[in-house]
Amino acid sequence: MARLILLFAALLLSGTGVAQQDTATPAAQVKSDTGLTILDQLPVRNQIPLLDNRFRIDDGVDSITLVFFRRQGTASVVLVRPDGSKVFYNTAKDHNMRWHDAATYDLIEINNPMPGPWQAVGRILPESRILVLTDIQLQVDSLPASLMVGETFKLTARLMDGDQVVNARDFREILTLQVLFISTNNKEQDNYGRGLAEVASFRDDGRGYDASARDGIFTGEINLTFGAGEWIPRYVLKTPLYSRELEQPPVIIAPAPVQLVFEQATKAESPHQLSFQAVSADVNLNSLLFQGVVRYPDGEMLQFSLTDPAEAKVLAVANKGAGSYLVDVSVFGQMQDGREFVLNLPQERFLVMLQAQEAPALTELPPELQQPVPPVIEQPEPEPFPWGLVILSNLLILGLGATAIWLVITGRGFSALLFWRKKNVPAAAKAMPGATKSNAASSAKPTQSKEKDDILDLSLPDD
């Protein structure tokens with residue numbers, strides 16, 4: 001293993017890889033770059049956590065490899081050692097380092113690094129890795145193939161110092177191994193955008209599945225209840241002296257291979273039907289066994305088990321009326337490839353509504369309670385309201401009011417409204433308008449002469 005690690009470091013720093021000048025992501029560049037192809041081919045990767053561009057190197061590390069991905073066209077990172085001194089790309093040889101500077105990443109190998117807190121300064125991307133090439137490693141068993149939602153299995157991890165398990169009995173604190181599953185954010189999977197799921201925490205305390213306390217071996221139970229999709233398993237172990245992270249290749253978690261179907265009874269005296277149907281061809285149907293409990297609305301519980309492969313996988317559930325029926329089921333079976341599995345399905349809730357039933361026949365009342373039914377008196381229908389007359393009256397009132405307002409505003413009399421009545425003028429006067437004036441003048445002259453005749457002449461003659 002040590003020779004393989006040294007060969008890996010030599011290939012990384014051989015300088016044969018040339019960074020491509022394109023806009024591809026760092027992950028794609030790792031696969032296309034000759035010098036970094038081996039990085040993704042490692043079965044497991046022991047890492048040191050990188051938080052806010054800071055990391056800590058514990059004592060006793062012989063060699064460490066740093067892979068810092070940075071933005072396209074940015075300058076190389078600068079390392080700050082625990083004593084405060086800075087290491088640049090052009091001064092790496094003076095500090096016993098080998099540094100490969102590419103367009104989008106920095107690949108650095110440090111032999112016998114100074115223990116303590118380090119810091120990297122630059123435009124570093126989250127895909128950066130700090131690989132520990134040392135005898136202290138975290139080893140985790142490989143996950144089973146063809147995982148399913150709800151599957152439960154035992155997992156063992158070991159903290160190794162070369163070929164020996166690390167003796168942790170001198171630690172005052174109980175060591176804890178945290179198991180995380182990180183979504184790959186694949187748009188074609190059901191867990192797209194799910195982020196991170198905390199699956200379990202293993203404690204080296206000799207309880208549960210753990211055989212012995214503080215022996216460096218962590219054994220616990222994994223229950224995959226967080227959803228189907230593509231996930232990356234990650235294991236984090238922190239001790240008072242050092243910390244390790246291990247990341248395994250992505251795994252596919254398939255949906256549960258069993259589906260529960262609840263059929264509600266149509267009559268109050270009939271039981272409900274709960275059937276178990278297999279929905280995956282990867283499961284051996286004849287090997288499925290079911291065990292669980294049904295919780296009725298009244299609080300009672302029914303424990304059941306279906307273990308006969310020849311019988312139909314149908315359970316009769318007593319009809320306890322309306323309410324919620326809760327079902328917890330454990331499934332035991334075998335895959336088509338022969339692997340045994342155990343599933344703890346998520347709790348199912350079935351709601352039964354109150355059914356409409358025929359009313360029971362009433363018994364005949366005694367004579368003293370029977371009363372004659374009073375006859376129904378038909379009342380005459382009321383006359384319809386004269387809506388038309390009311391509307392016409394309102395319109396008439398509005399018309400008269402508008403007319404009065406118009407007469408007041410214009411100052412005219414009521415006769416102005418009689419537009420059809422006009423003064424009668426003789427037709428002859430209309431035909432000869434000048435004749436009227438002459439007639440008037442002639443009529444005036446005789447009058448004047450007549451007035452003169454009426455005056456008495458009292459004068460005496462000259463004789």
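Ser-243 is buried, with a relative accessible area of 19%. The cut-off for burial is under 20%, so Ser-243 meets it at 19%. This residue belongs to strand S18, which spans residues 243–247. Its C-alpha atom is separated by 9.5 Å from that of Leu-138, although the two residues are 105 positions apart along the chain. These values, like those that follow, come from a predicted model.

The chain as a whole comes next. Its secondary structure comes to six helices and 27 strands. Of its 463 residues, 35% count as buried. Contacts with a separation of 6 or more were also examined; residues 24 or more positions apart account for 64% of them. The exposed area of the chain is about 29,800 Å². Carbon and sulfur atoms supply 54% of that area.

The largest nonpolar core has 30 residues. Within this core, Phe-181, Ile-222 and Tyr-235 have the most contacts. Seven strands are listed as giving two or more residues each: S10 (136–140), S12 (152–161), S14 (176–183), S15 (196–203), S16 (217–223), S17 (229–238) and S19 (251–254). Apart from this core lies another, of 25 residues. Its members include Leu-260, Leu-288, Phe-290 and Tyr-325. The contacts of Ile-222 were listed without residues up to four places away in sequence. On that basis, Ile-222 touches Glu-151, Thr-152, Phe-153, Leu-155, Val-179, Val-199, Ala-200 and Phe-202.

Strand S19 was then followed residue by residue. In a regular strand the side chains alternate between the two faces of the sheet. Along S19, Val-251 and Ile-253 point to one face and are buried. Ile-252 and Ala-254 point to the other face and are not buried. S19 pairs with S11 in the parallel sense, over two bridges. In that pairing, Met-148 stands opposite Ala-254 of S19. Three bridges join S19 to S17, and these two strands run antiparallel. Here Glu-230 stands opposite Ile-252 of S19.

A separate description applies to an open sheet of four strands. Their order is S2-S8-S4-S5, and the pairing is antiparallel. Strand S2 (54–57) and S5 stand at the edges. Each has a single partner strand, so one side of each is left without a neighbour in the sheet. S5 pairs with strand S4 (residues 78–80) over two bridges, in the antiparallel sense. Val-80 stands opposite Lys-86 of S5.

Aromatic contacts were surveyed next. A pair of aromatic rings is described by the distance of the centres and the angle of the planes. The structure holds twelve aromatic pairs. One of them joins Phe-276 and Phe-304, with 6.0 Å from centre to centre and 35° between the planes. This pair is tilted. Phe-276 lies in strand S21 (residues 272–278) and Phe-304 in strand S23 (residues 301–306). The pair links distant parts of the chain, 28 residues apart. Both Phe-276 and Phe-304 are buried.

The rings of Tyr-296 and Tyr-325 have their centres 5.9 Å apart. Their planes stand at 85°, so this pair is edge-to-face. Tyr-296 lies in the loop between strand S22 (289–295) and S23, whereas Tyr-325 lies in strand S25 (residues 323–334). The pair therefore ties together parts that are 29 residues apart in sequence. Tyr-296 counts as buried at 8% relative accessibility. Tyr-325 also counts as buried, at 0%. These two tyrosines form one aromatic cluster with Phe-262 and Phe-350. Tyr-296 has a further partner: Lys-320 lies over the face of its ring, at 5.5 Å from the ring centre.

Two loop residues were noted for their backbone. Phi of Asn-96 is near 60°, a positive value in a residue other than glycine. Asn-96 lies in the loop between strand S5 (86–87) and strand S6 (97–101). Its relative accessible area is 43%, so Asn-96 is partly exposed. Ser-146 also has a positive phi, near 50°, and is likewise a residue other than glycine. Ser-146 is found in the loop between S10 and strand S11 (147–148). With a relative accessible area of 36%, Ser-146 is partly exposed.

Key. Residues are numbered from 1 along each chain as its sequence is written. This is a predicted model: local features need pLDDT of at least 70, side-chain atom pairs count only at pLDDT 80 or more; totals for chains, interfaces and linings use all residues. Side-chain values use heavy atoms; hydrogens and water are left out. A nonpolar core is a set of buried Ala, Val, Leu, Ile, Met, Phe, Trp, Tyr and Cys residues joined through side-chain atoms within 4.5 Å. Buried means under 20% relative accessible area, exposed over 50%, partly exposed in between (1.4 Å probe, protein chains only). Contact means heavy atoms within 4.5 Å. Rings of Phe, Tyr and Trp (its six-membered ring) pair if their centres lie within 6.5 Å; planes under 30 degrees apart count as stacked, over 60 as edge-to-face and the rest as tilted. A charge sits over a ring if NZ of Lys or CZ of Arg is within 6 Å of the ring centre and within 35 degrees of the ring normal. Accessible areas come from the Shrake-Rupley method with a 1.4 Å probe; for residues, only the protein chains shown count as cover. Two strands pair if DSSP finds at least two bridges between them.
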